[in-house]
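Let's take a walk through this model together. Keep the sequence and the coordinates open as you read.

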Amino acid sequence: MTSPGFSAPRLRDDRGEQRPDGPGTAPQAIVPALPLEAERFLRSLALSAVEIIAGARNLEQIARWVTDDVYAHLRVRVSIAARARAVTGTVAHRPMLWIEHVTLSPTATGGFDAVILVHDKRRPHVVSLQVEGATRHLRGTVLVVL
């Protein structure tokens, strides 16, 4: 089953007859998760990322939900934020966060792109995410917190 709005190309052999899909044929789209499930996952991942950078949550808590590249990027952001808190003498605390807006769009590969506006008491954070996944197991492949 493919996602709505995506139709795989029908391949024909030299005689003009349809040929079965097999090795060397066009790739098929991965069945995406339901948009509601994906939105819940994206909201949770965005909130967790902001809490991790704020020092209120351990980075290891989302290790299974993101790729190695995203994990390495977040590790750098966490170390920079921790050094900044050490220099200024600020203590890490759990921020009071809420989500104001979510823009979600499906990709051709069965994943989702999202831009999420997360607020805390001091300022807004824009979190840009891309998740991919087969058989309903989503994993963050891109995560940027501004």
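What follows goes from the overall layout to one helix, its salt bridges and then a patch on the surface.

Before anything else, remember that this is a predicted model. The average pLDDT of the protein is 82, and 75% of the residues reach at least 70. Residues 1–14 are a stretch to treat with care, as their pLDDT is below 50; in the model they make 18 contacts beyond near neighbours in sequence. Residues 25–31 also have a pLDDT below 50, with 16 such contacts.

Now for the layout. You'll find two helices and four strands, and reading along the sequence gives α-α-β-β-β-β. Of the 146 residues in the protein, 34% are buried. If you take the contacts with a separation of 6 or more, 46% of them are between residues 24 or more positions apart. As for the outside, the accessible surface comes to about 9300 Å², and carbon and sulfur atoms account for 57% of that.

Helix 1 is a good place to zoom in. It runs over residues 35–54, 20 residues in total, and spans 28 Å from first C-alpha to last, close to the 28 Å expected at 1.5 Å a residue. Just after helix 1 comes Gly55, with a positive phi near 90°. Quite a few side chains to look at here are buried, including Phe41, Leu42, Leu45, Val50, Ile52 and Ile53. What covers the buried residues of helix 1? The cover includes helix 2 along with strand 1 (98–106), strand 2 (112–119), strand 3 (124–132) and strand 4.

Next, the charges. The structure has three salt bridges. One of them joins the side chains of Glu39 and Arg43, at 3.2 Å from N to O. Both residues sit in helix 1, four residues apart, which is about one turn of the helix. Glu39 counts as partly exposed because its relative accessibility is 24%, and Arg43 is partly exposed too, at 32%.

Glu51 is where things get more connected. Is this residue buried or exposed? Buried is the answer, because its relative accessibility is 10%, under the 20% cut-off. Glu51 forms a salt bridge with Arg57, where the closest N and O atoms are 2.7 Å apart. Arg57 itself is partly exposed at 29% relative accessibility. Glu51 also pairs with Arg94, with the closest N and O atoms 3.3 Å apart. Arg94 is in the loop between helix 2 and strand 1 while Glu51 is in helix 1, so this pair ties together parts 43 residues apart in sequence. Arg94 is exposed, with a relative accessible area of 52%. Because they share partners, these salt bridges link Glu51, Arg57 and Arg94 into one network.

Let's finish on the surface. Val115, Val126, Val142, Val144 and Leu146 make up a nonpolar patch there, together offering about 370 Å² of accessible area. Val142, one of these, belongs to strand 4 (residues 139–145) and is partly exposed at 36% relative accessibility. Over at helix 2 (residues 68–88), have a look at Asp68, which is exposed with a relative accessible area of 63%. Asp68 and Thr141 are 73 residues apart in sequence, yet their C-alpha atoms are 8.6 Å apart in space.

Technical notes. Residues are numbered from 1 along each chain as its sequence is written. This is a predicted model: local features need pLDDT of at least 70, side-chain atom pairs count only at pLDDT 80 or more; totals for chains, interfaces and linings use all residues. Side-chain values use heavy atoms; hydrogens and water are left out. Buried means under 20% relative accessible area, exposed over 50%, partly exposed in between (1.4 Å probe, protein chains only). Patches are made of residues with over 30% relative accessible area and no salt bridge: like charges are joined within 9 Å, nonpolar side chains (Val, Leu, Ile, Met, Phe, Trp, Tyr) within 5 Å. Accessible areas come from the Shrake-Rupley method with a 1.4 Å probe; for residues, only the protein chains shown count as cover. A salt bridge is a side-chain nitrogen of Lys or Arg within 4 Å of a carboxyl oxygen of Asp or Glu. pLDDT is the predictor's confidence in each residue, from 0 to 100. Contact means heavy atoms within 4.5 Å. The expected span of a helix is 1.5 Å times one less than its number of residues.
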